[in-house]
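User: I am new to this structure and would like to go through it step by step. Could you take my questions one at a time and reason each of them through?

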Amino acid sequence: MAPAGRALPGALPPAVRSVPPPPHLRLDDPWSAVPVTPDGVELALVARWMARPHVELFWHQAWSQDAWAREVAAQRAGAHSRPWLVHVDATPVAYVEVYR
């Protein structure tokens, strides 16, 4: 299944359109954040995690890696959200999307 997209209904007011994307995630050691990119190595991990049965049960995003690449590209092209992998001691532990 491909991502449905994240377009908001109706026209957005200029004040909303002018707001920049969420800021870069900055975490204190031992935590760190790595941006997820459409062609990055972290994308395969995101696709695997989201396809796990207990995750799919609630998020319904067991998409192919290609579909995740399209989703991440769409997020990074807009200003609404940014996808990240959160690490502890350089080990990935969570996929998060930061919204403005």
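**Two helices and their surroundings**

Analyst: In this predicted model, helices H2 and H4 are roughly perpendicular to each other, because the angle between them falls in the range from 65 to 115 degrees. The axes of H2 and H4 come within 9 Å and cross at roughly 110°. H2 passes H4 in a crossing that is right-handed.

User: Which residues make the contact between H2 and H4?

Analyst: On the side of H2, the contact is made by Leu 43, Ala 44, Val 46, Ala 47 and Met 50. On the side of H4, the residues that meet them are Gln 65, Trp 68, Ala 69 and Val 72.

User: What is the order of the elements in the protein chain, from the N terminus on?

Analyst: The protein chain holds 4 helices and 3 strands. Read from the N terminus on, these elements follow the order α-β-α-α-α-β-β.

User: How many residues does the largest nonpolar core have, and which helix gives the most to this core?

Analyst: The largest nonpolar core has 14 residues, and those with the most contacts inside it are Val 36, Leu 43, Val 46, Met 50, Trp 68, Leu 85 and Tyr 95. Helix H2 (42–51) and helix H4 (65–77) each supply at least two residues of this core. With 5 residues, the helix that gives the most to the core is H2.

User: Which residues does Val 46 contact, leaving aside its neighbours within four places in sequence?

Analyst: Val 46 is one of the buried residues of H2, and it is also among the residues with the most contacts inside the largest nonpolar core. Once its neighbours within four places in sequence are left aside, the residues in contact with Val 46 are Val 36, Trp 68, Leu 85 and Tyr 95.

User: What do the buried residues of H4 pack against?

Analyst: H4 has 13 residues and reaches 18 Å from its first C-alpha to its last, which is close to the 18 Å expected at 1.5 Å a residue. Its buried residues are Ala 67, Trp 68, Ala 69, Glu 71, Val 72 and Gln 75. They pack against H2, strand E2 (81–88) and strand E3 (91–99).

User: And what do the buried residues of H2 pack against?

Analyst: The buried residues of H2 are Glu 42, Leu 43, Leu 45, Val 46, Ala 47 and Met 50. The elements they pack against are strand E1 (31–35), helix H3 (53–59), H4, E2 and E3.

User: Is His 87 buried or exposed?

Analyst: His 87 has its place in strand E2, and it touches Pro 30, Trp 31, Ser 32, Val 34, Pro 92 and Val 93, not counting residues up to four places away in sequence. Its relative accessible area is 10%, and because a residue under 20% counts as buried, His 87 is buried.

User: Where is Pro 30, and what is the peptide bond from Asp 29 to Pro 30, cis or trans?

Analyst: Pro 30 has its place in the loop between helix H1 (14–17) and E1. With omega near 10°, the peptide bond from Asp 29 to Pro 30 is cis.

User: Does Asp 89 count as buried or exposed?

Analyst: Asp 89 is found in the loop between E2 and E3, and it has a positive phi of about 50° although it is not a glycine. Its relative accessibility is 58%, and because the cut-off is over 50%, Asp 89 counts as exposed.

Technical notes
Residues numbered from 1 in each chain as written. Predicted model: local features only at pLDDT ≥ 70, side-chain atom pairs only at ≥ 80, totals over all residues. Heavy atoms only, no water. Core = buried A, V, L, I, M, F, W, Y, C linked by side-chain atoms within 4.5 Å. Buried < 20%, exposed > 50% of the residue type's maximum accessible area, 1.4 Å probe, protein only. Contact = heavy atoms within 4.5 Å. Expected span 1.5 Å × (residues − 1). Axes fitted to C-alpha atoms, helices over the stretch in contact; angles between N-to-C directions. Parallel < 35°, antiparallel > 145°, perpendicular 65-115°, else oblique. Left-handed = near helix turned anticlockwise from the far one by under 90°.
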